[in-house]
Structure formats: C-alpha cells, structure tokens
Amino acid sequence: MKKSVVLCGLSGSGKTTVGKILAEKLGWFFIDTDQLVEDTTSMDIPKIFQIYGEEGFRQFEKQMVEKVCKLQNVVISIGAGAVTKNENVDLLKKNCVVVFLNAPIDILVARLENDSSRPLLNSANTSEKRNKLEVLQKQREPIYRQIADITVDASLQPEKIAREIARKLESYGLEERNLDIEGEIITVKTQTTSYNVRIGYNITKDSVIDFLKKRMPSKVAVVTNPLLNQIIAKKMVEELNKEGIESYVILIEDSEERKSPETLFKIIDEFAKFGLDRESFVVAVGGGVIGDVTGFAAAIYMRGIKWIYVPTTMLAQVDSSIGGKVAVNYGEKKNFLGSFHQPSFVVTDTKFLEILPNEIFTEGLAEVVKSAVIDGKKFFNYLAQNVSKILERDPKVVFDVVSFCVKLKGKIVEQDEKDLGLRMVLNLGHTFGHAIEACLNYQISHAKAVSVGLVLETMLSHLMGYADLSTKDRIENVLNSLGLPTSPRQIELSSVRDLLKYMKFDKKAARGKLRFTIPFKIGDVRVIECDPSEVKNLIEQMEGVLS
Ligand SMILES: Nc1ncnc2c1ncn2[C@@H]1O[C@H](COP(=O)(O)OP(=O)(O)O)[C@@H](O)[C@H]1O
Ligand SMILES: O=C(O)C1=C[C@@H](OP(=O)(O)O)[C@@H](O)[C@H](O)C1
Ligand SMILES: [Mg+2]
Ligand SMILES: [Zn+2]
C-alpha cells in the first residue's frame, strides 16, 4: 500500500515549493531529502559536492530516501537526481504515490536564473545553464515519466498545482488529515515538583510556545534529530525567536548507539556554546533516546536546568516521557548513568504517531499491554477488543490508549518518584526483558524483549503457584494479535537458562537476591524476591514446558 507522496521533476519544477503547500493542505508533515542531507551533514549542498563529489552526495541522498520511505502520511520532495539510483526508484515506487512536476525548460531556466544552490547547474551565463539542464532532462525525464502515478503541469501557480495534486490523490485513498480530537491535561504531582502532560492532536508548536512565553526564559535550546527538525523543531525555534526568546536547535543522531556519554557531552558543550544559564529552558523533541539523553544533560548542566519533553514515538508517549528517569548507556550497560529529573511540561502530540514506521509504532505496544496487565481487566479488555483499530492507528483509539497509559504511570510515579517501592510494578516483563536484550547482545528491540519477558514472567508466576494458565494465555493472545513475539523461539533465544547470569546484573537485584515483578492475575501485579538457585529451578521447569 502506498502511504506517502513523493514529488519528482527537474530542478526548478517546484518540488520543494509545491511540496510544502501540499503538505499544509493535507495536514501532513513535509520532508525534503535535500534539507535532510544538509541537516545530517551540517553542510550545504554545494559544500557537500565540493568535498565528496556528486557520488558522495548520492550516497547521503540514498540514505535519506531509505529513511523517509519507511514513514507514512508524509509529503516528500526529493532532489532532481535522486531517480538516477535504481534503489531509490524501487523504494519510492513501492511506498509512495509518485507525482511528476512537468514544466518547460524555459520556465525552469527563468526560475533558477539567480540560484547558486544547485552545483550541477552552476554556470557563468544563462545559455550554459540551459544547456546543462537540457542534458539532465534527456537523462531524467524518461525516468520521471516512467515512475509517475500522477503528472501535473508545473508551470501553473504553486497553490494551483498543490490543489490539483490533492484532488488527484483522493483516488489513491490519500486524503486530508485534520482531525478534531479534544485534548486533555494530566497533572503529575511528585514529592519534588508538579507538572502538566498535555495530550492532544497537532498541538506541539502552540503548546510549547505558549508555555515558554509565560515564563520568558533567558534562552532556549531545542534538541532533536534532522527529520524532526524539518517537521517541527525548526519552525518552533523560528517562532520563539520572533517572540523575542533567543532559541537554537541542537541536532543529534538518535540511534541506540548514540545514547552515550559522548552524545551527552556534545549536548552539554552546545548548551555552553549558546550560553544557556540557570534561567534557560531545554526542549527535547524525539523518541526515548533523545528524551533520556537530553533530560540527563538538563539534569546535570549547572546542577540542573528546566526542560520540556515532546515525545514523538509510541514508546516514549506511553512510557518514558512520564516519571523523569533520564540516562545514558555506559559501555555495555544500558541506562547505567542517570538521574531523576522531572520535566516542567510534557507535550504528547499523537499526530507524530501517524508517520511512524510500523515497527516503531508496535514497539510502544508492549509497554501498553504491560500497563493494562498492571491496571486491570477494564483496560485490558478494551485493548483486546480494539486490536485492529490500534493497528490501523485509529486516532481516537490511539488517543485513548496513550491517555490511559499516561494517567496510570503518572499515578504510580506520584506515589513513588524514586523507584523505591510501588514504581517497581512498572518493571513487569522487564527482569526477563532486560536479560533477553543483554543475552542477545542488544540485537533485539526493547519491545520484543519485554513482550517475551511478560509471557515468561507470567509462566514463572504460574510455576510458583500464583497465576493460572488462563492469565498467561490471555496476555499471550493480546501480544500476539498486536504482532509482538511471545516465545523464545520467535526471537531466536535458544536457551532461557542463559538469561539467569544477566539477571544478576539487573539494577533491581540487591544483596544477592533477584527481584521480579510478576502478575498474580490481570490487575494484581506484585514484586517478589527470589534466590538465584530457586529461579534456576523454575527456569528449568519452564524449559520443560516450552520444549
Ligand atoms: N509553480 C511555480 N511558479 C512560480 N515559481 C515557482 C513555482 N515553483 C517553484 N517556483 C520557484 O522556483 C524556484 C525553484 O523552486 P523549488 O521549489 O526549489 O524547485 P525544486 O525543489 O523542484 O528544485 C524557487 O525560487 C521557487 O520560488
Ligand atoms: O539535479 C540534481 O542532481 C540535484 C538537484 C538538487 O535538488 P533540486 O531538484 O531541488 O534542485 C540537489 O539534490 C542537488 O543539487 C543535486
Ligand atoms: Mg528542491
Ligand atoms: Zn520498557
């Protein structure tokens, strides 16, 4: 199924200009691969050509095409030459409705007359520029024509072109998404502080700006990745500056490997470079890695400055954005260095969830099931009954799911901010989950590990004489129907016994005892302590059942 739109055509055909207008019209996010390449390399395109040559640029461009083709509901504008790589063409055709912006050369030459940002068209005079464009046209136009689902006359006014494309997209089932969902504000009151989590649809920019305008911080640093910079952060910073609040963007790459002390110090160096002081604010826009690292940087910079979190993935919205746990990995050890530093405000905008690749969306769902098991039958049954709506990302159901999880976690954190008692129930699925992640060398996602962990911990509870088998079956069924793994075999974990040695390094283990959070039944989750030898016995029994 084609879930996004890409605009192609020669330089000057209006891919960037029309793409922005079209996205606005559809209520979708807009992404330009040229801009992504520039933000990722921190260089403009002429500079990239100068240093790496055209082929070097094409390699960066290919990585960006791969990245954006994983998303949904986005308007993409590519560089004119992206179609010269077959891999790009294949991906774009597979994932996007392709629109060819077709305009006569004379018009293109006129539009680009004073433009020096396109190195392949750099020329001393107009006729030379025209010749270069004609050479590119011969090579590329046949490809545009061949891959186009829709062709439009790009010599018209940009607004008109965008309108025409939007009309033609309807027959591909791609339509405007401007949903009217009533938001809500949830207050989290801990012993040390109190803050609001505002949940809503398409609320990020206004919420953050309103909040900051009331406080007028000395400076603001927004930490995000290149993709989210284009989608939201850049505009936010521009508006903040217009409002007289001096603001900057700090771009980081946010793969799990980058959740490191190096990234932490890089962010801190940037804070110092921009002159942030104790009256400044930090805004983290991104998934769990960006939230955790940025929150930790805010926690230790000048002994702590205030921060706002805008979580953009399902996992971050339902889990890591609440409760103020911030951290980086240290060597092999996950979240080994960290602190508690509650944000001053959380903006949970479910519009971000519309564009997530399926796999990343699903990653949040394991924690959702966990929350449902902790809370009880009502939410658990709601989940079980709404599996297909969740997978379709029905906006209302997604909103309810996020809201539910935020409220539950908020309540738990209010009673036990520092993870000394009650908060440990949130570790359900995680003693096994973390051990699975470590045992598989972190080549598995946290979500999949927690999903299998949930099932194994319920089995453990059963073998201890607590949970009955129907509880295990119900948890297993919901996880399975959401597309999450439930058995060691599905994740290529050959021996459950191997997990034991990793459990001993768990942060929850103390004085030689292991700690588990296990369900007695749905809605009754308890923390228990065990001797490693007892756990070894039980795991051996478990392997008997599994084989
Ligand atoms: N339909 C249009 N009518 C008039 N000017 C346009 C139109 N589309 C683009 N332009 C102008 O042409 C120049 C190149 O547009 P741009 O969007 O950068 O094209 P592309 O991304 O396809 O290279 C810009 O100065 C832009 O304002
Ligand atoms: O023709 C090309 O190969 C290029 C086109 C540019 O994008 P536009 O199509 O926006 O000019 C940009 O990707 C780069 O300068 C290379
Ligand atoms: Mg462009
Ligand atoms: Zn987790």
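In which sense do S7 and strand S14 pair, and over how many bridges? The two strands pair in the parallel sense, over five bridges. S14 covers residues 345-349. This is a predicted model, and what follows was computed from it.

**Strand pairing**

S7 has a second partner. Strand S6 (residues 184-189) runs antiparallel to S7 (residues 194-200), and six bridges join them. The connection from S6 to S7 is a hairpin of four residues.

Val 197 links the two pairings. On the S6 side, Ile 186 stands opposite Val 197 of S7. On the S14 side, Val 346 is the bridge partner of Val 197. In a regular strand, side chains alternate between the two faces of the sheet.

**Domains**

The protein is divided into domain 1 (4-171), domain 2 (184-356) and domain 3 (418-546). Between the centres of domain 1 and domain 3, taken over C-alpha atoms, the separation is 49 Å.

UniProt, in an unreviewed entry, places the feature "domain: 3-dehydroquinate synthase N-terminal" at residues 250-361. In the model, residues 250-361 are 34% helix and 29% strand. The end C-alpha atoms of that span lie 25 Å apart.

**The site of ligand 1**

How many residues surround ligand 1? The shell has 14 residues, and the closest are Lys 15, Thr 16, Thr 17, Arg 118 and Leu 156. By class, the shell divides into five nonpolar, six polar and three charged residues.

Three polar contacts to ligand 1 are listed below.

| Residue | Protein atom | Ligand 1 atom | Distance |
|---|---|---|---|
| Gly 12 | backbone N or O | oxygen | 2.9 Å |
| Thr 17 | side-chain N or O | oxygen | 2.5 Å |
| Arg 111 | polar side-chain atom | nitrogen | 3.2 Å |

On its own, ligand 1 has 550 Å² of accessible area, and the protein covers 73% of this. Two elements give two or more residues to the shell: helix H1 (15-26) and helix H7 (158-169). Which of the elements gives the most to the shell around ligand 1? H1 does, with three residues.

Thr 17 ties these points together. Thr 17 is among the closest residues to ligand 1. The side chain of Thr 17 places an N or O atom 2.5 Å from a ligand oxygen. Gly 12, by contrast, uses a backbone atom for its 2.9 Å approach to a ligand oxygen. Arg 111 meets a nitrogen atom of ligand 1 with a polar side-chain atom.

Definitions and conventions:
Residues are numbered from 1 along each chain as its sequence is written. Chains are lettered from A and ligands numbered from 1 in the order in which they are written. This is a predicted model: local features need pLDDT of at least 70, side-chain atom pairs count only at pLDDT 80 or more; totals for chains, interfaces and linings use all residues. Side-chain values use heavy atoms; hydrogens and water are left out. A residue is near a molecule or strand if one of its heavy atoms lies within 4 Å of it. A polar contact is a pair of N or O atoms within 3.5 Å; within protein, one must be able to donate a hydrogen and the other to accept it, and residues adjacent in sequence count only if both atoms are side-chain atoms. Accessible areas come from the Shrake-Rupley method with a 1.4 Å probe; for residues, only the protein chains shown count as cover. Ala, Val, Leu, Ile, Met, Phe, Trp, Tyr, Cys and Pro count as nonpolar, Asp, Glu, Lys and Arg as charged, and the others, Gly among them, as polar. Domain bounds come from an automatic or database domain assignment. Two strands pair if DSSP finds at least two bridges between them. UniProt positions are given in the numbering used here, feature names are shortened, and annotations may be inferred rather than shown by experiment.
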